[in-house]
Structure formats: C-alpha cells, structure tokens
Amino acid sequence: MSADRRPPDDGRRAELADNLAVLESRVRGACAAAGRDPAGLTTVVVTKTFPVTDVETLAELGVRDVGESRDQEARDKVAACARAAHGTAPTLLRWHFVGRLQTNKAGSVARYADVVHSVDRTRLVAALSRGAQAAGRTVRCLLQVSLDDDPARGGALVPDLPRLADAVAEAPGLELAGVMAVAPRDVDPRPAFDRLVQVSAEMRLRHPDATWVSAGMSGDLEEAVAAGATHLRVGGAVLGSRPPLG
Ligand SMILES: *Cc1c(COP(=O)(O)O)cnc(C)c1O
C-alpha cells in the first residue's frame, strides 16, 4: 500500500512544504528558547504509512533523514526511491528505522537502514551485526531506553544499558551512536527527557562517541530540544494525521 505510486500532486507538495516551514520555525524557536544552535539538531521525518511519492517529494524539498517503523514498508520504499532517482534527491536520503524491531527482521533492516533507533536487547545486536556484515555496511545503532518501565512500549531498562552498549560497540558492522526514547504517554515529558539525557551522559563516560540523543516527536519536540535532544523524529507535523498502523 505505502509504496503505491501516484501521479505528481502539486497540492500535496505545497502542503508538505508548508508543514516543513512551520516545523522549521518551531525547531528554531525551541532552539532560541534553549540557547541552542539549530545546527546541532537533526530532524528525521517519519514517513510510515505514507506513500513513497511523499518521501520523494520530501527529498526534493531538502529533507535528508527519513524514518520508517516497519521492515516490509521501509524495504519497499528504499527500493522504490533507488529505482526512481538515480543520482537525484531521494538517493541522498538517510534511512532511520525507528519502530519496534523483531529479531527475525533485524537482518533485513541492517541491509538498508543507516540508523536503527530501537536496539533494546542483545539478541538484536547479533542479528543486526550479521546483516550489516553480509551487506558490507555499517549501521549506526541507538539504544532505546524504557523511561516508563512499560515493556509493551519497547526499550531496555536502564540497568541493562551498559551491557547492551558494550555488545553494540563490539559488534562488527555496528556503531554505537547513542540513545533514543519515546516519552511516556499523557504526562509531562520533561522528566523523561531529562532522564534520557542523563543516561546518555553516563554512557558517554565509557563510549565517548555515542553522542546522539533521539527524543521528541510532533507533540513534544520543544521539550526534547530543551532537554538536549540531538535528533527529533517528526511524523504527523509534516505529513498530516495518519491512519492507525494495521
Ligand atoms: C511514528 C513515530 C514517530 C513520529 O510520531 P509523530 O507523533 O507522528 O511525530 C516518532 N518516533 C517513533 C518511534 C514513531 O514510531
């Protein structure tokens, strides 16, 4: 479904351009309020459930980082972009896998993802490493941290992070890039983001290059910027409301 090709749609292009402009001004405002340089922030536009034509349009509008959360859909879009655009904008995209990752999909994801934001258990590490090596690639990994101790939402518990970090750092084909979290639902996200930034600082004592902090979505990016996020993952604010994931 998501890889459907529709004819070019100037109305959609204008809508995406407008949404990107609004997002950029939100990010600039959040940076100004926090005394941060916007150059220190990367926004990943999460395109899950939206068609590959949107991904191509976003690439033409200057987006360089896109996020997906399901292997099959992501794989189809990566392939479609590669076919559609030899040497043009979509081939410059960096693909971020941000969703929950099943162990049996990890090898596939490692073949196209530049960054995996959702590494939360050691079994994934071996599978990602094998896939990356088989494809001759290096995959950057973020450890997803559970900030509400709700296992259903994914993420490693804080006490398990040091071992997981060492496993990624030692795995051929993988690079430990930092940490990621999704804020707990229906509460002030700030304490969770502050905790994530603190977890990041602790990890950097042993892994100084693991500097990325992926936090903040459409509804809470200002709080994430204030806390010190380096990567935002924004879907709805750019693409509009999406149908529930099936
Ligand atoms: C879908 C998704 C996002 C984007 O969420 P929005 O609220 O649409 O901005 C960010 N992170 C993860 C892990 C997601 O699955």
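Where does the ligand sit? In this predicted model, the ligand sits in the largest pocket. The residues around the ligand are V46, K48, V98, M180, M217, S218, R233, V234, G235, G236 and R242. Polar contacts to ligand oxygen atoms come from both side-chain and backbone atoms: a polar side-chain atom of S218 lies 2.5 Å from an oxygen atom of the ligand, whereas for G235 a backbone N or O atom is placed 2.8 Å from a ligand oxygen atom, and for G236 a backbone N or O atom is likewise found 2.8 Å from an oxygen atom of the ligand. Of the 390 Å² that the ligand exposes when taken alone, the protein buries 86%.

Two residues of the ligand surroundings, M180 and R233, also take part in the contacts of S214. S214 belongs to strand 7, which spans residues 212-214, and its relative accessible area is 0%, so S214 is classed as buried, the limit for that class being under 20%. Leaving out residues up to four places away in sequence, S214 touches H117, L142, V179, M180, A181, L196, H231 and R233.

Positive phi values in residues other than glycine were computed for T49 and D186, with phi near 75° for T49 and near 60° for D186. T49 is found in the loop that joins strand 1 (42-46) to helix 2 (52-60), while D186 is placed in the loop between strand 6 (174-180) and helix 7 (190-206). As to solvent accessibility, T49 has a relative accessible area of 10% and is therefore buried, whereas D186, with a relative accessible area of 77%, is exposed, since the exposed class begins over 50%.

The loop between helix 2 and strand 2 (65-68) contains V63, and because its relative accessibility is 9%, V63 counts as buried. When neighbours within four places in sequence are set aside, V63 is in contact with L20, V45, L58 and L93. For one of these partners, L20, the separation along the chain is 43 residues, while the C-alpha atoms of V63 and L20 are 8.9 Å apart in space.

How values were computed
Residues numbered from 1 in each chain as written. Predicted model: local features only at pLDDT ≥ 70, side-chain atom pairs only at ≥ 80, totals over all residues. Heavy atoms only, no water. Helix = DSSP H or I, 4+ residues; strand = E, 2+ residues; numbered from the N terminus. Buried < 20%, exposed > 50% of the residue type's maximum accessible area, 1.4 Å probe, protein only. Contact = heavy atoms within 4.5 Å. Near = heavy atom within 4 Å. Polar contact = N/O pair within 3.5 Å; in protein donor to acceptor, adjacent residues only side chain to side chain. Areas by Shrake-Rupley, 256 points an atom, 1.4 Å probe, with all protein chains shown as cover. 1 Å grid on protein atoms, 1.4 Å probe; cavity = no way out; pocket = protein on both sides within 12 Å on 5 of 7 lines; lining within 4 Å. Sits in = over half its atoms within 2 Å of the grid points.
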